[in-house]
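Reader: I would like a close look at the charged side chains in this model and at what they meet. Please start with one pair, then work outward to the rings and to the rest of the fold.

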Amino acid sequence: MTLDALSEALYTWLQNQQQECFVYHSAAALRAQLALGLELAAAANLPETHRQAICWALIGRTLGWLSDSNDSQTQGPAVLAHQLAQQNAPPETAQLALRLLREIDQPPRPDDPAAQVLADTVAAELASEQLYLRWAYRRAEWNAARPPRPLTDWYADLHDLVAQTSYYTPEARSRFEAGRQARLTELRRLLGKN
């Protein structure tokens, strides 16, 4: 399964804009996330327009971080909307992508399979054995822009995020739930929790 032409164009543009200080929110990390999003969308039998919108929303999320790490939630939709207009994206798919991106931090509705797939794609890393390495990159990015925080604060935040995460699609639950539970156990040990 491959990206549509517009996603490839946006990805290439983003890769050329990438700031060297960003590793966690990078074009390379995004490429793997896009592939996963397409896999989960296919497993959920989503139509092509929904698959494209999910890819565009994932790209917009990274565009927001590369534009302004302090205000990525506002910048992502703005930059994505501009890029989609520049590329003459189909309006209906572009509107879906922008809605998905604006709602990315909210739990998806039961009748919104595209938002469910997007949420599962973003949350998949919380089940990964690479989780701590990825969050080390995120800490470095944070510390470059803001005052440093103690490592235990990061572990506590990560524990809360993993504990509050749900997977919404059957495919994501079967692939990631066991890993999520393993990461939660490790974080409890690191924090000295029972």
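Author: Arg180 and Glu177 meet through their side chains in a salt bridge, with 2.8 Å from N to O. The model is a predicted one, and the distances here are computed from it. Both residues of this pair belong to helix H9, which covers residues 170-191, and they are three residues apart, about one turn of the helix. The two partners do not fall in one accessibility class. Arg180 has a relative accessibility of 8%, so Arg180 counts as buried. Glu177 has a relative accessible area of 24%, so Glu177 is partly exposed. The cut-off that separates them is 20%: buried means under that value.

The Arg180 pair is not an isolated case, since the structure holds eleven salt bridges. Another of them joins Asp112 to Arg99, where the closest N and O atoms are 2.8 Å apart. This pair links distant parts of the chain: Asp112 is in the loop between helix H5 (91-102) and helix H6 (113-123), Arg99 is in helix H5, and 13 residues separate them. Here the acid is the buried partner, because the relative accessible area of Asp112 is 5%. Arg99, with a relative accessible area of 26%, is partly exposed.

Asp112 also forms a salt bridge with Arg109, and in this case the closest N and O atoms are 3.7 Å apart. The relative accessibility of Arg109 is 42%, so Arg109 counts as partly exposed. These contacts belong to a network of salt bridges that links Arg99, Glu103, Arg109, Asp111 and Asp112.

Charged groups also meet rings in this model. The charged end of Arg138 sits over the ring of Trp135, 4.8 Å from the ring centre. In a second case, the charged end of Arg149 sits over the ring of Trp142, with 5.5 Å to the ring centre.

The rings themselves come next. The count of aromatic pairs comes to three. One of them is formed by Trp135 and Trp154, whose ring centres are 5.8 Å apart and whose planes make an angle of 80°, an edge-to-face arrangement. This pair links distant parts of the chain, with Trp135 in helix H7 (residues 131-145), Trp154 in helix H8 (residues 151-164), and the two positions 19 residues apart. Trp135 has a relative accessible area of 5% and is therefore buried. Trp154 counts as buried too, because its relative accessibility is 3%.

Trp154 takes part in another edge-to-face pair, with Trp142: the centres are 5.8 Å apart and the planes are at 90°. This pair likewise links distant parts of the chain, Trp142 in helix H7 and Trp154 in helix H8, twelve residues apart. Trp142 has a relative accessible area of 28%, so Trp142 is partly exposed. Through these ring pairs Trp135, Trp142 and Trp154 form a cluster.

From the rings the account passes to the nonpolar interior. In soluble globular proteins, nonpolar side chains tend to be buried together. In this model the largest nonpolar core has 52 residues, and Ile54, Trp56 and Leu100 have the most contacts inside it. Helix H3 (residues 48-67) gives the most to this core, namely eight residues. Leaving aside residues up to four places away in sequence, Ile54 touches Ala41, Leu46, Leu100, Ala114, Val117 and Leu118.

Ala41, one of the residues that Ile54 touches, is among the buried residues of helix H2. The others on that list are Ala27, Leu30, Gln33, Leu34, Leu36, Gly37, Leu38 and Leu40. Helix H2 runs over residues 27-43; at 1.5 Å a residue its 17 residues should span 24 Å, and its end C-alpha atoms are 24 Å apart, so the two values agree. Just after H2, Asn45 has a positive phi of about 55°.

The setting for these details is a chain with nine helices and zero strands. Of its 194 residues, 45% count as buried. Among contacts between residues at least 6 apart in sequence, 70% join residues at least 24 apart.

Technical notes
Residues are numbered from 1 along each chain as its sequence is written. Side-chain values use heavy atoms; hydrogens and water are left out. Rings of Phe, Tyr and Trp (its six-membered ring) pair if their centres lie within 6.5 Å; planes under 30 degrees apart count as stacked, over 60 as edge-to-face and the rest as tilted. Helices (H or I, at least four residues) and strands (E, at least two) are DSSP runs, numbered from the N terminus. Buried means under 20% relative accessible area, exposed over 50%, partly exposed in between (1.4 Å probe, protein chains only). A charge sits over a ring if NZ of Lys or CZ of Arg is within 6 Å of the ring centre and within 35 degrees of the ring normal. A salt bridge is a side-chain nitrogen of Lys or Arg within 4 Å of a carboxyl oxygen of Asp or Glu. The expected span of a helix is 1.5 Å times one less than its number of residues. A nonpolar core is a set of buried Ala, Val, Leu, Ile, Met, Phe, Trp, Tyr and Cys residues joined through side-chain atoms within 4.5 Å. Contact means heavy atoms within 4.5 Å.
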